[in-house]
Amino acid sequence: MAGRRHIYKTQGTCSQFIEVELSDDGTLSDVTFVGGCNGNLQGISSLVRGMKVDDIINKLNGIRCGYKSTSCPDQLCRALEEARKA
């Protein structure tokens, strides 16, 4: 079953974009980060793929990267929230 794809322009992180695909049952079917720490983001993508969007947001929302007020996992939460509204 094809899901809904959404591209999110990140803010305040090394990654520039996050592409997410949500399935009709509220799970994350696929996620791709453009830019950023490749190995870490592949790991995060692998871990969250197939999870419920609400569970991902509950676990990753608000994570900071060093001195920054956000992080790639936090930006993923914002991408998911935006994708749900689209």
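**Exercise 1. The α2–α3 contact**

Find which residues of α2 meet which residues of α3.

*Solution.*
Step 1. Take the α2 side: Val53, Asp54, Ile56, Ile57 and Leu60. Their partners in α3 are Pro73, Asp74, Leu76, Cys77, Leu80, Glu81 and Arg84. The model is predicted.
Step 2. Sort the contact residues by type. Eight are nonpolar, four are charged and none is polar.
Step 3. Place the helices. α2 covers residues 53-60 and α3 covers residues 72-85. Their axes come within 9 Å and cross at roughly 145 degrees.
Step 4. Assign the hand. The crossing of α2 and α3 is left-handed.

**Exercise 2. The largest pocket**

State the volume of the largest pocket, then work out which element gives the most to its lining.

*Solution.*
Step 1. The volume is about 160 Å³.
Step 2. List the lining: Thr13, Cys14, Gly36, Cys37, Asn40, Leu41, Ile44, Cys65, Lys68, Ser71, Cys72 and Pro73.
Step 3. Look for elements that give two or more residues. These are α1 (38-48) and α3.
Step 4. α1 gives the most, with three residues.
Step 5. Divide the lining by type: seven nonpolar, four polar and one charged.

**Exercise 3. A salt bridge between strands**

Locate the partner of glutamate 21 in a salt bridge and say where each residue sits.

*Solution.*
Step 1. Recall the principle: side chains of opposite charge can pair when their charged atoms come close.
Step 2. The side chain of glutamate 21 meets that of arginine 5, at 2.9 Å from N to O. The cut-off is 4 Å, so the pair counts as a salt bridge.
Step 3. Glutamate 21 lies in strand β2 (residues 15-22) and arginine 5 in strand β1 (residues 4-9). The two are 16 residues apart, and the pair links distant parts of the chain.
Step 4. Set this in context. The whole structure holds six salt bridges.

Key
Residues numbered from 1 in each chain as written. Predicted model: local features only at pLDDT ≥ 70, side-chain atom pairs only at ≥ 80, totals over all residues. Heavy atoms only, no water. Axes fitted to C-alpha atoms, helices over the stretch in contact; angles between N-to-C directions. Helix = DSSP H or I, 4+ residues; strand = E, 2+ residues; numbered from the N terminus. Left-handed = near helix turned anticlockwise from the far one by under 90°. Contact = heavy atoms within 4.5 Å. Nonpolar A, V, L, I, M, F, W, Y, C, P; charged D, E, K, R; others polar. 1 Å grid on protein atoms, 1.4 Å probe; cavity = no way out; pocket = protein on both sides within 12 Å on 5 of 7 lines; lining within 4 Å. Points joined across faces, edges and corners; volume = space filled by probe spheres on them.
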